[in-house]
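Student: Can you walk me through this one at bench level? I'd like to work it out by question and answer.

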Amino acid sequence: RAQFEELGLVVEHLRQLDPQRVAYINLLPDYISAEALGTTTYAEHVDQFVAVVRPSLLSVDYYPFRVDGDRDSFFANLAVIRDRALRAGLPWLLIVQALPHGPYRDPTPAELAWQVHHGLAFGARAISYFTYWTPVRVPHAERWNFRRGLVEHGVATDKLAAVAALNASARAIAGQLDDFRSIAVLDAAGRFGTPPPLPPVAAIGGGDATLGLFAAADGRRAGLLVNRDYRAARTLRVVPT
């Protein structure tokens, strides 16, 4: 938080010099300590960033897949970013965990897809990966033990092909949502977001699922349904009102 005023000046300076390009600043995730955030709550951290820095884009990275289990605030973090992006009229970007490092495990193709499609369901308009190149000459590289990025030592890993296919799918979905605005995120289990019913959705059946609900100016509705279980396939269904 202590850096926001200075960052705001830099962003405005770059905006005046080059208004066609975005001054890119990534936000910390919600599992960072309040001492590191510099605010009492994570929502306050994001609020002050938007108010003081006045960015053209919100970006956040969240790495959910630890060796000893999954972090439990992934959806809460996405909900805060989605809400603040909508309030400010800003697009937002999700950086997904794509390589093992430190306490984080190597995500499977299903886990990569789980992150990407949940980002889109929450209204993200861009996706990035940590990392494309496996970091080598970076501070604390030995401690973090970065490995198996999309490209390692100039050579594509098997992950690059999986991400290329995933990007093609994500791009197609995002293109279909170009004229739509996120209006709700429904949770079939009722643990976060808005539980059904919410017109035009009466219920979500077939298992644990997330449904991003979108609306166009002409009254059209669209939904992006995502299986919450990255370990097993599900046949899901949306029951209309």
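Tutor: First, a term: a polar contact is a pair of N or O atoms within 3.5 Å; within protein, one must be able to donate a hydrogen and the other to accept it, and residues adjacent in sequence count only if both atoms are side-chain atoms. This is a predicted model, so local features need pLDDT of at least 70 and side-chain atom pairs pLDDT 80 or more, while totals for chains, interfaces and linings use all residues. Residues are numbered from 1 along each chain as its sequence is written, and side-chain values use heavy atoms, with hydrogens and water left out.

Student: Which residue has its backbone nitrogen 2.8 Å from a polar atom of the side chain of glutamine 115?

Tutor: Start with where glutamine 115 sits: in helix H5, where helices (H or I, at least four residues) and strands (E, at least two) are DSSP runs numbered from the N terminus. Glutamine 115 has a relative accessible area of 0%, so it is buried; that word means under 20%, exposed means over 50%, and partly exposed is in between (1.4 Å probe, protein chains only). Contact means heavy atoms within 4.5 Å, and beyond four places in sequence glutamine 115 has contacts that include Tyr62, Phe74, Leu94 and Gln97. The backbone nitrogen 2.8 Å from its side chain belongs to glutamine 97.

Student: Is arginine 82 buried or exposed?

Tutor: Arginine 82 is part of helix H4 (residues 74-88). Setting aside residues up to four places away in sequence, arginine 82 touches Trp92, Phe122, Ser182, Ile183, Ala184 and Val185. Its relative accessibility is 13%, so arginine 82 counts as buried.

Student: Which residue puts its backbone oxygen 3.5 Å from a polar atom of the side chain of arginine 82?

Tutor: Look across to the 182-185 stretch that arginine 82 touches, which includes Ser182 and Val185. Valine 185 is 103 residues away in sequence, yet the C-alpha atoms of arginine 82 and valine 185 are 9.7 Å apart. The backbone oxygen in question is that of isoleucine 183.

Student: Which residue in S10 does valine 185 stand opposite?

Tutor: Six of the eight residues of strand S8 (residues 180-187) are buried, so the rest of the structure largely encloses S8. S8 pairs with strand S10 (residues 209-216) in the antiparallel sense, over seven bridges; pairing requires that DSSP find at least two bridges. In S10, the residue opposite valine 185 is glycine 212.

Student: How wide is the arc that the buried residues of H7 fall within?

Tutor: H7 (residues 158-176) has 19 residues and reaches 28 Å, close to the 27 Å expected, where the expected span is 1.5 Å times one less than the number of residues. Its buried residues are Lys159, Val163, Leu166, Ala170 and Ala174. They line one face of the helix, because the directions from the helix axis to the C-beta atoms fall within an arc of 75°.

Student: What carries the exposed residues of H7, and which strand is included in what covers the buried ones?

Tutor: The face of H7 turned away from the buried side carries exposed Ala161, Ala165, Arg171 and Gln176. What covers the buried residues includes helix H5 (109-121) and strand S5 (126-130). So the answers are that outward face and strand S5.

Student: Which residue caps the N-terminal end of H3?

Tutor: H3 (residues 42-53) has 12 residues and end C-alpha atoms 16 Å apart, which agrees with the 16 Å it should span. Its buried residues, including His45, Phe49 and Val53, fall within an arc of 160°, so they line one face. At the N-terminal end, a side-chain oxygen lies 3.1 Å from the backbone nitrogen of glutamate 44, and the capping residue is threonine 41.

Student: What is the phi of arginine 54?

Tutor: Arginine 54 is in the loop between H3 and S1. It is not a glycine, yet its phi is positive, at about 55°.

Student: Which proline does proline 199 join through a cis peptide bond?

Tutor: Omega for that bond is about 5°. The partner's place is in the loop between S8 and strand S9 (201-205). It is proline 200.

Student: Which residues have the most contacts inside the largest nonpolar core?

Tutor: A nonpolar core is a set of buried Ala, Val, Leu, Ile, Met, Phe, Trp, Tyr and Cys residues joined through side-chain atoms within 4.5 Å. The largest has 49 residues, and the two with the most contacts inside it are Leu58 and Trp92.
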